[in-house]
Amino acid sequence: MPKPTPPQVHAEALDDYRWLTGSAADAWLQWAGTSTLPLTSKVVYLRVQLTLEQTHRVLEQIELREKARTKFAAAGRMFFTPRALEQATDEIVAAHKAARFSASGRTFDLCCGVGGDLLALARHGETVGFDRDPIMATIAEANVQQLLDEPTETEGRKRSPEVHVRDVATLDVAECDAWHIDPDRRPSGRRTTRVDLHEPSTEVIEHLLAQNTHAAIKLAPAARMSAAWSERAELEWISRGRECRQLVAWFGDLARDASQRRATVLGPAAAETRSFTGTPHLEPPLADRVGRYVFEPDAAVLAAKLDGALAAQHGLAAIAPGIAYWTGEQAIADWAMGCFEVQEVLSFRLRPLKALLRARGIGQLEIKKRGVAHDPAELRVELDLAGENSATLLLVPIEKRVTAILARRIQAP
C-alpha cells in the first residue's frame, strides 16, 4: 500500500509556531488584539521587539481569530493557519457529530488539523488526536490545552487529549473503539471532490476500515465516492446557517441505518435541529398555480437529494418542473425548509417590479433564484432600492417565462 508523501515542514516555521503557541507570545498577542493603533504602527512597534516572522505570525493570528468567531466561541484564545481554519469543523457541527460516539469508549481523531472535531470528541469522551504535520499537531495541542484544561460550570475539568505527530497510514485503529478522519481535499493545492484523490487515499482508508469498521469520514458536501461506500455507510449531509457544511460517511456501529441518506439541519438551538431520512431523487407533483406560501429546501436537503422526499412528507407541489421551490396553502414550520408568504406574483419585468418595490417602501431585498440567469447582485443595483421595509424576491421559470414572486420570509432554516 503506497504511503502519502509527508508535508515539507521547515524547522524555522515549526519553531515559529511553537513560539506562537507558547507563553512567550502571550503578551504580544494580547497587545496586538487590543491595540487600536493602525496596522502599520503595530508592525513598527512589534518589529522593535520581535523578528519579522514572529511579527507576521502575531498579526496574522489576530486576523484569523477574528474570522474564526463564526466557528468558535472561544476563537480569541485559539490558534489557526489560514488553510486549517477554512477546513476546520465549527463547534456546533462538531458537537453534533461527537454525540454519536460512545462517551465510555476511546476515539481516535485522524488528520485532526487545528482540532475542531478533536475538541468536541474530547469533551464527549476519551480521545487521541493524530496529524502527520507537526505544525498542525502543535496547534491542535495548544488549542485543546487552552480550552479543556480549565474547568467550566457544566463540564468540570476535562483532561486534554494527547496529540501525536503520526502518518495515519501507520496507525492500528483496532486500538480504539471508533475513529474519525478528515482527509485533505487539496493534497495538490487545488480542491477536489473526488474522494480517490484525497489524502489519505481511499486505499489507506479502506485499510483502516478493515482494522476497525466503526468510523466517521468527513467529506465535502459534493464528494464523489465509490458505490461501495454508499452501500456500506449512512451518508449524512449537515448544514448550519443555510450552508451545507459537510458530508459524513458513518460506518459500523456509528451508522444508524447503513445505505441510508440523511439530511440534518442544525438550528440556532438544539431543539430546533431537524434530521430526517428518505428516498432520494423523488419528483414532487406539479402545482397548477403559486399558492399562498412558497417553500425552499435547506442546502443539506438539496445536497442529499432528499428534496422530493421532504416535499412529499408535507404534501407540497413544485412550482416548476425540476425546480426546488414548492407551494402550498398552509404555513409549515420545519427547520429543513424556508417558508415564505406570497405577496405578489408577476411576470419579471424590471420597470413594473421596481415601481412595486418603491410603492411598498422595500429597501432591503433578499433575492433568490433557481433556473434563471439573472444575477442577484446586478439586479439589486438595477432596482435602486429605497425604504425601510424588507422582503424576499424569488425568481423562477414558470411555463418558460421568468416569474417574480414577492414574499415575506416566515422561517429560515
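The exercises below work through a predicted model of one protein chain, each with a stepwise solution.

Because the model is predicted, local features need pLDDT of at least 70 and side-chain atom pairs count only at pLDDT 80 or more, whereas totals for chains, interfaces and linings use all residues. Residues are numbered from 1 along each chain as its sequence is written, and side-chain values use heavy atoms, with hydrogens and water left out.

**Exercise 1. The chain as a whole**

Task: Describe the secondary structure, extent and burial of the protein chain.

Solution. Begin with the secondary structure, which comes to 14 helices and 16 strands; helices (H or I, at least four residues) and strands (E, at least two) are DSSP runs, numbered from the N terminus. Next take the extent: along the principal axes, the C-alpha atoms fill a box of roughly 65 × 55 × 45 Å. Then turn to burial, where buried means under 20% relative accessible area, exposed over 50%, and partly exposed in between (1.4 Å probe, protein chains only). Of the 413 residues in the protein chain, 50% are buried. The exposed area is about 19800 Å², of which carbon and sulfur atoms supply 48%; accessible areas come from the Shrake-Rupley method with a 1.4 Å probe, and for residues only the protein chains shown count as cover. Finally, among contacts (heavy atoms within 4.5 Å) with a separation of 6 or more, 69% are between residues 24 or more positions apart.

**Exercise 2. The nine-stranded sheet**

Task: Work out the order of the 9 strands in the open sheet and how they pair.

Solution. The order is S3-S2-S1-S4-S5-S7-S6-S8-S9, and the pairing is mixed; two strands pair if DSSP finds at least two bridges between them. Strand S3 (162-165) and strand S9 (274-277) stand at the edges, each with a single partner strand, so one side of each has no neighbour in the sheet. On average, neighbouring strands are turned by 20° against each other, direction ignored; the axes are lines fitted to C-alpha atoms, for helices over the stretch in contact, and angles run from 0 to 180 degrees between N-to-C directions.

Now examine individual pairs. Strand S1 (residues 106-110) and S4 pair in the parallel sense over 4 bridges, and Phe-108 has Trp-179 in S4 as its bridge partner. S5 and S7, by contrast, pair in the antiparallel sense over 4 bridges, with Leu-219 opposite Leu-247 in S7. S6 and S7 also run antiparallel, joined by 7 bridges, and Ser-239 stands opposite Cys-244 in S7. These two strands form a hairpin with 2 residues between them, and Gly-241 in the turn has a positive phi of about 60°. As 6 of the 8 residues of S7 are buried, S7 is largely enclosed by the rest of the structure.

**Exercise 3. Two helices and their buried sides**

Task: Which residues of helix H6 are buried, which residues of helix H9 are buried, and what covers them?

Solution. In H6 (residues 91-98), the buried residues are Val-93, Ala-94, Lys-97 and Ala-98. They lie on the same side of H6 because they cover an arc of only 135° around the axis, the arc being that of the directions from the helix axis to the C-beta atoms. Their cover includes helix H7 (116-124), strand S4 (178-181), strand S5 (215-219) and strand S7 (243-250). At the start of H6, a side-chain oxygen of Asp-90 comes within 2.9 Å of the backbone nitrogen of Ile-92.

In H9 (residues 202-211), Val-204, Ile-205, Leu-208 and Leu-209 are buried. Here the arc is only 140° around the axis, which puts these residues on the same side of H9. S1, S4, S5 and helix H10 (227-232) are included in their cover. The general rule behind both patterns is that an α-helix has 3.6 residues a turn, so residues three or four places apart point the same way.

**Exercise 4. Two buried residues**

Task: Characterise the surroundings of Gly-116 and Glu-296.

Solution. Gly-116 lies in helix H7 and counts as buried at 6% relative accessibility. Although 28 residues separate Gly-116 from Ala-88 in sequence, their C-alpha atoms are 5.5 Å apart. Leaving out residues up to four places away in sequence, Gly-116 touches Phe-72, Thr-89 and Ala-94.

Glu-296 belongs to strand S10 (residues 293-297) and, at 11% relative accessibility, is also buried. Its side chain makes a polar contact with the side chain of Lys-368 (3.2 Å), and another of 3.0 Å joins the side chains of Glu-296 and Arg-370. A polar contact is a pair of N or O atoms within 3.5 Å; within protein, one must be able to donate a hydrogen and the other to accept it, and residues adjacent in sequence count only if both atoms are side-chain atoms. Beyond four places in sequence, the residues that Glu-296 touches include Ala-324, Tyr-325, Met-337 and Phe-340.
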